[in-house]
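Work through the following exercises with the sequence and the model side by side, and try each task before reading its solution.

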Amino acid sequence: MKYVYELAVANVRKFDSRAIDNRKSKNESFLTALRKTMIDLEYIEIFENPESTNDPHEEKVKLFEGLKEDWMEWRITFIPDLYSIDVKAREVRLFEIEDTSPLTDRKIAKLIDFWWFMDNESWDVKCFVFDRYGHNHREINLQDGAIIEMGVEPNSETHKFVAQKLGFKHQVNRPSEQNG
């Protein structure tokens with residue numbers, strides 16, 4: 001199994017060279033890396049913005065109170081096989097190798113919860129699933145999953161309306177995508 005997994009990781013990295021193997025990241029889990037990224041980003045926006053007229057001390061207190069409430073107490077209830085964080089694009093990419101951690105309904109629900117949380121922070125989350133060798137990737141559309149979770153049919157006018165109201169991109173599933 002180890003050799004097959006290593007092969008899969010190598011192939012996922014061909015898909016995204018920035019992908020970090022969660023098992024081998026030294027002293028930094030996915031949650032720690034994500035928290036650090038979000039804290040650094042908030043810090044830069046508050047303290048390094050030349051147009052800011054806010055009192056740095058007061059802003060620092062607000063920053064850490066907010067982080068304690070939102071980020072330090074929040075827990076991710078899943079562990080991706082690999083991940084990458086793109087600060088400029090404000091995007092988190094999750095990579096799942098199907099044989100290592102199959103995407104059950106429960107895990108997909110956890111990924112959708114994570115998508116909602118990150119959407120609230122103005123970030124996007126993309127989830128890619130690969131076979132046991134790191135081939136045949138496909139994207140799980142977590143945004144659609146979130147809307148479906150609200151009880152809306154994917155290709156309905158209501159879905160289009162809800163997506164537009166929430167500021168999402170409405171992506172119509174073509175019949176060939178629905179079956180595959």
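**Exercise 1: Asn11 and its surroundings**

Asn11 lies in helix H1, which spans residues 2-15, and the model in which it is examined here is a predicted one.

Task: decide whether Asn11 is buried or exposed.

Solution. Begin with the relative accessible area, which for Asn11 is 10%. Buried means under 20% relative accessible area, and therefore Asn11, at 10%, counts as buried.

Task: find which residues Asn11 is in contact with, leaving aside neighbours within four places in sequence.

Solution. Once those neighbours are set aside, the contacts of Asn11 are Tyr133, Gly134 and His135. Looking next at the side chains, one finds that Asn11 and His135 are joined by a polar contact of 3.4 Å.

**Exercise 2: The largest nonpolar core**

Task: establish which residues of the largest nonpolar core touch the most other members, and which elements give two or more residues to this core.

Solution. The core has 24 residues, and those touching the most other members are Phe30, Leu34, Val92, Leu94, Phe114, Met118 and Val125. Two or more residues come from each of helix H2 (30-47), strand S3 (91-97), helix H4 (105-120), strand S4 (124-130) and helix H5 (142-149). Taking Val125 as a case, and not counting residues up to four places away in sequence, one sees that Val125 touches Val92, Leu94, Phe114, Trp115, Met118 and Leu142. Another core, of ten residues, lies apart from the largest one and includes Tyr5, Val12, Leu82 and Phe128.

**Exercise 3: The whole protein**

Task: state how many helices and strands the protein has.

Solution. There are seven helices and five strands, and along the sequence they follow the pattern α-β-α-α-β-β-α-β-β-α-α-α.

Notes
Residues are numbered from 1 along each chain as its sequence is written. This is a predicted model: local features need pLDDT of at least 70, side-chain atom pairs count only at pLDDT 80 or more; totals for chains, interfaces and linings use all residues. Side-chain values use heavy atoms; hydrogens and water are left out. Helices (H or I, at least four residues) and strands (E, at least two) are DSSP runs, numbered from the N terminus. A nonpolar core is a set of buried Ala, Val, Leu, Ile, Met, Phe, Trp, Tyr and Cys residues joined through side-chain atoms within 4.5 Å. Buried means under 20% relative accessible area, exposed over 50%, partly exposed in between (1.4 Å probe, protein chains only). Contact means heavy atoms within 4.5 Å. A polar contact is a pair of N or O atoms within 3.5 Å; within protein, one must be able to donate a hydrogen and the other to accept it, and residues adjacent in sequence count only if both atoms are side-chain atoms.
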